[in-house]
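Subject: Structure for you to look at

Hello,

Here is the structure we talked about handing over. Please open it first, then read the notes below.

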Amino acid sequence: MMKRPLSLIGVSDALREVRRLIRRVAAFENTVLIRGPSGSGKELAARWIHYLSRRRENPFVAINAGAFPEKLIESEIFGYEKGAFTGAESRKPGKIETAEGGSFFLDEIGDLPLPLQVKLLRVLQEKTFERLGGVTPLDADVRFIAATHRDLEEMISEGLFREDLYYRLNVITINIPPLKERPEDIPYLARFIIRQELGTIPEIDEELMATLQSFEWHGNIRELYNNIQRILVFYPGEGPLRLKDVRDHIRPMGFLPGQRDSELYTLPFKEAQQEFKKRYIRFRLEKNRWMQRKTAREMGIQPSYLSRLIKELGLGKKKEKP
Ligand SMILES: Nc1ncnc2c1ncn2[C@@H]1O[C@H](COP(=O)(O)OP(=O)(O)O)[C@@H](O)[C@H]1O
Ligand SMILES: [Mg+2]
């Protein structure tokens, strides 16, 4: 049986609603789509759905669709028969099979390549699937939970996500807003994290708490976690936890990747301008996974102008970091 997941902390209306929905949907078998930015608690929510469901005695199996190349993700999900492809020396069950009787958590479903979206839709509709190279349909006795931080509607309009799959998934959606929209949760989260780390909660001075609440935390709770772990290294071990002792060790990711901007100021004007344009546009594009139309709209320029700038500045999609 699955271990009880960590508490889903938060006092904001948004988090209360998330917990309420989790309790409701747990009792049903519907596919659930969990949306929210990276580090906001999507996987934790998925674990709770499973834990509160009648499937809790059975496995919770997670796979991240963004973490593998297309061919590999397909065989990871569906498994394969002996001889299905070169190197398939024996049958291997996929994650759907491993999750039998339990829940199958498909993380980053927005990263699922289009051909696999078709296959997945079929599984959702018919509750059967075949291993790669297999002919016998097998029962998919799993509850599907999907998550994404991507803008699926935008992806549909860009032809990157299938509308039929979207409608199939979008029956029950749980939205987890970014932490910057619910700063009231931060003190509770911070105390929770500190207790996890120290086993106890020292007095925390107001300045420190206010500082933690003042950041946007683009990496959300995961980033808050990392920062609190780091500052605790500098906590003397007794007495209150004070901002003045730990200030230098709080390092949220800035909105602009600006750490090294000072070198811009040493360049001749034209070059500095050019360099700034490059960094700015690359940053905006990366934030939107290189979706140009959306990025152009956010930047307040025409998509055609953005595409010209990309060419002129020699910007290209860089290989993703692993
Ligand atoms: N509301 C919350 N209360 C407590 N911890 C949380 C909460 N939301 C997220 N976390 C923690 O933050 C980290 C990131 O959460 P995760 O579920 O992996 O995010 P996501 O899947 O959205 O990227 C995990 O360690 C998780 O336990
Ligand atoms: Mg995740």
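A definition to begin with: two helices count as oblique when the angle between their axes is neither under 35 degrees, nor over 145, nor from 65 to 115. Please also keep in mind that this is a predicted model.

**H1 and H2**

Helix H1 covers residues 13-26. Its axis and that of H2 lie 8 Å apart, at an angle of about 40°. H1 and H2 are therefore oblique to each other. H1 crosses H2 in a right-handed sense. On the H1 side, the contact uses Val18, Ile22, Arg23, Val25 and Ala26. On the H2 side, Ala45, Trp48, Ile49 and Leu52 take part. By class, that contact has eight nonpolar residues, no polar ones and one charged.

**Domains**

The domain assignment splits the chain into domain 1 (13-177), domain 2 (181-249) and domain 3 (261-312). The C-alpha centres of domain 1 and domain 3 are 35 Å apart. Their contact takes four residues from domain 1 and four residues from domain 3. On the domain 1 side, the touching residues are four charged, with no nonpolar and no polar ones.

**Ligand 1**

Where does ligand 1 lie? Both domain 1 and domain 2 give residues to the shell around ligand 1, so the ligand lies between these two domains. There are 17 residues around ligand 1. Ile9, Gly41, Lys42, Glu43 and Ile221 come nearest. Three elements each give two or more residues to the shell: helix H2 (42-52), helix H8 (186-198) and helix H10 (220-233). By class, the shell has eight nonpolar, six polar and three charged residues.

**H8 and its partners**

H8 gives residues to the ligand shell, and H8 also packs on H9 and crosses H10.

Take H9 first. This helix spans residues 206-214. The axes of H8 and H9 are 9 Å apart, and the angle is about 115°. That makes H8 roughly perpendicular to H9. The crossing of H8 past H9 is right-handed. Ile186, Pro187 and Ala190 of H8 meet Met209, Leu212 and Gln213 of H9. That contact has five nonpolar residues, one polar and no charged.

Now H10. The axes of H8 and H10 come within 10 Å and cross at roughly 50°. That makes H8 oblique to H10. This crossing is right-handed too. From H8, the contact takes Leu189, Ala190, Ile193, Ile194, Glu197 and Leu198. From H10, the contact takes Ile221, Leu224, Tyr225, Ile228, Gln229 and Leu232. By class, ten residues are nonpolar, one is polar and one is charged.

Two residues are worth picking out on screen. Ala190 of H8 is in the contact with H9 and in the contact with H10. Ile221 is among the residues that come nearest to ligand 1, and Ile221 is also part of the H10 side of the contact with H8.

Best wishes

Methods
Residues are numbered from 1 along each chain as its sequence is written. Chains are lettered from A and ligands numbered from 1 in the order in which they are written. This is a predicted model: local features need pLDDT of at least 70, side-chain atom pairs count only at pLDDT 80 or more; totals for chains, interfaces and linings use all residues. A residue is near a molecule or strand if its C-beta atom, placed from the backbone, lies within 6 Å of it. Helices (H or I, at least four residues) and strands (E, at least two) are DSSP runs, numbered from the N terminus. Ala, Val, Leu, Ile, Met, Phe, Trp, Tyr, Cys and Pro count as nonpolar, Asp, Glu, Lys and Arg as charged, and the others, Gly among them, as polar. Domain bounds come from an automatic or database domain assignment. Two residues are in contact if their C-beta atoms, placed from the backbone, lie within 7 Å. Axes are lines fitted to C-alpha atoms, for helices over the stretch in contact, and angles run from 0 to 180 degrees between N-to-C directions. A crossing is left-handed if the near helix is turned anticlockwise from the far one by less than a right angle, and right-handed if clockwise.
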